[in-house]
Structure formats: structure tokens, C-alpha cells
Amino acid sequence: MKSRVDTRIRVYADLEELSQAAADFFVKMSREASTSKGGFAVAISGGSTPRRFLSLLAASTRQERISWTSTHIFWADERCVPPGHPDSNYKLAHEALLSKIPIRDENVHRIKGEENSVTAARDYEESLRLFFGTQPLPVFDLIILGAGADGHTASLFPGSAAVHERRRIALPIHAEAPKPDRVTLTLPVLNNASQVFFLVSGREKAAILHEIMEDGNPKHCPAGLVKPVHGHVTWLIDREAASLLSEQTFPR
Ligand code: 6PG
């Protein structure tokens, strides 16, 4: 593994190594937050990349080191399908992690994908406001995101009006992509997190990473707009996804 601290890009051999590192970071951060402030609020994403990371958290060596009573799990986005549907981001997390750990139901704040996207987004906003209290925007200790080859992140797609939202904290989305109806956290929330991790794997992501990291994100892809105001963004990527990055970005 090689890294460059100032740009916070960490490159790993493959998805397995990346997932192991992400799981180790999660354990460390959850322990620090639980000790220093009594709680750890994290939002996770869907897609295929986080599955291995989530299942590694469930392994006994890691799960025993995490205080699940003080950990609260939220989602960065959800597809509008019931929680048992194969496309549900909740289902992914349930299978890989939640069903295997001693976490209480009240610590799992899922987006109700079984509702229509407008209702689900409103309900989610309400539960976020209840949890985070009077703060104008939620402050997640950690948000874990993925990036699509088109530069989308969470369910913020390039060219969508949702990318410009400044007031709401969760929005209904109708995308062209498969699974068109979705709910997503907005950019102000992503950019208000203490830490954001992107988990990105595979050669098909190399061009967009190059565009975001070395070309100045000319198309203003949502993934490249995630820059926490008071926190940090760390890109955990594998060698294939990093294959078009230059030595300046990632010294080999
Ligand atoms: C979703 C997402 C989405 C995902 C990216 C990357 O539910 O679709 O949260 O933003 O993170 O599309 O997906 P992969 O991990 O499958 O490449």
C-alpha cells in the first residue's frame, strides 16, 4: 500500500486489500468516537464495492472491538424497493453485516425504500433531524461512498438538479439509471461530515478518477464535489482504478 497524505489517496493492490484497510479504519474511528464523544454515526452506500468491507466488519476479530451500542448506521442513499429486494442497499448491509452483529434495531436508521421516493426522503429527513437534533446539518463521523464510472456518488448523478440542492438534507431522485427511483443525502450533508471515505475498485473507474483528480473535474461530477468543509475525504482505491493516475498524484 502506498499513500500520499496531503491528497489522502490510498492505493491498494486489490479490492481485498482495500476492504481490509477500510475495515481497520472503521474499527479505529468507531473506537475513537465512542470513547471521545460516546457515539459513532456512520452512513454507508450500496453498490458492489462495499460488500466485502461490510462482511469484514462482521468477522469476530473486528466486531468484538466495536461498540455496537454506540454505533448508529445510516445510508447515503437507497433505491426505492422493499428492504428484502435484491437491489436494496439495506438488504446488502443486512446480509453482510447487520444480521451478524449485536446491534439494536433503534441504531439502524434505514431509508424506507418501500415508500415512494418523495415520502421516503421526507421521512428520512425527519429521522436525521431527530437524531442530530438542533444542528442545521447532520454531522456524520464517517460517510462511506462509492463512485460510478460516470462520476455519480450516493444517488447524485451528473447533470441532476439535486447536485445543486443547498437546503434539504435528503432528496427524492428519479434517475435514468436502472432503479430510477431513489433517495439520497445531499451534497451539503456529505460535505459536513467529519470524514468521508470513497471505496473505488476496478479499471472501469480509472478514467473518472483521472478526470476528478488530475483534470480538475471539468464536468463537475458529483463524486469530485465531495470536499468536506471541516473534515477530510480519503479515497481508498485499488491499483486498477488508479491505473491512469500520474506519479504526482500517487507516487509509485
Ligand atoms: C448505489 C450507490 C452508488 C454506488 C456507486 C458505485 O446505491 O447505487 O450508493 O452511488 O456507490 O454506483 O457502485 P459500485 O460499488 O457497484 O461500483
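How many nonpolar, polar and charged residues does the lining of the largest cavity have? By class, that lining has 4 nonpolar, 4 polar and no charged residues. Ala, Val, Leu, Ile, Met, Phe, Trp, Tyr, Cys and Pro count here as nonpolar, Asp, Glu, Lys and Arg as charged, and the others, Gly among them, as polar.

This is a predicted model, in which local features need pLDDT of at least 70, side-chain atom pairs count only at pLDDT 80 or more, and totals for chains, interfaces and linings use all residues. Residues are numbered from 1 along each chain as its sequence is written, and side-chain values use heavy atoms, with hydrogens and water left out.

**Cavity and pocket**

Both terms rest on a 1 Å grid over the protein atoms alone. A cavity is a set of points where a 1.4 Å probe fits but cannot get out. A pocket is an open set with protein on both sides within 12 Å along at least five of seven lines. Lining residues have an atom within 4 Å of a point. Grid points are joined across faces, edges and corners, and a volume is the space filled by probe spheres set on the points.

The count comes to 1 cavity of 30 Å³ or more. The largest cavity has a volume of about 40 Å³. Its lining consists of Ser45, Gly46, Thr49, Pro50, Ile144, Leu145, Gly146 and Leu199.

The largest pocket holds about 370 Å³ of space. It is lined by 24 residues, and Gly46, Gly47, Ser48, Arg79 and His152 are the closest to its centre. The pocket lining divides into 7 nonpolar, 11 polar and 6 charged residues. Gly46 lines the cavity and is also among the residues closest to the pocket centre.

**Helix H2 and its neighbours**

Helices (H or I, at least four residues) and strands (E, at least two) are DSSP runs, numbered from the N terminus. Two packed helices are described by the angle between their axes and the distance between the axes. Helix H2 (residues 50-58) packs with helix H4 (residues 89-96) at an angle of about 35 degrees, and their axes are 8 Å apart. Axes are lines fitted to C-alpha atoms, for helices over the stretch in contact, and angles run from 0 to 180 degrees between N-to-C directions. The crossing of H2 and H4 is right-handed: the near helix is turned clockwise from the far one by less than a right angle.

Contact means heavy atoms within 4.5 Å. On the H2 side, Pro50, Arg51, Leu54, Ser55 and Ala58 take part; on the H4 side, Leu92, Ala93, Glu95 and Ala96. The residues of this contact divide into 6 nonpolar, 1 polar and 2 charged.

Buried means under 20% relative accessible area, exposed over 50%, and partly exposed in between (1.4 Å probe, protein chains only). The buried residues of H2 are Pro50, Phe53, Leu54, Leu56, Leu57 and Ala58. They pack against helix H1 (15-37), strand E3 (40-44), helix H3 (60-63), H4, strand E6 (142-145) and strand E9 (195-200). Pro50 also lines the largest cavity.

**Loop residues**

Most residues other than glycine have a negative phi. Asn217 has a positive phi of about 50 degrees although it is not a glycine. His220 also has a positive phi, near 50 degrees. Asn217 lies in the loop between helix H7 (206-214) and strand E10 (232-238), and His220 lies in the loop between H7 and E10. Is His220 buried or exposed? His220 is exposed, because its relative accessible area is 55%. Asn217 is buried, with a value of 6%.

Asn192 sits in the loop between helix H6 (187-190) and E9. Asn192 counts as buried because its relative accessible area is 15%.

**Partly exposed residues**

| Residue | Place | Relative accessible area | C-alpha to C-alpha distance |
|---|---|---|---|
| Pro172 | strand E7 (residues 170-174) | 26% | Leu185, 9.2 Å |
| Asp150 | loop between E6 and E7 | 36% | Phe74, 24 Å |
| Glu240 | segment after E10 | 38% | Arg51, 18 Å |

The contacts below leave aside neighbours within four places in sequence. Pro172 touches Ser117, Val118, Ala121 and Arg182. Asp150 is in contact with Phe157, Pro158, Ile208 and Cys221. Glu240 meets Gly202, Arg203 and Ala206. For Asn192, the partners are Leu137, Pro138, Val139 and His230.
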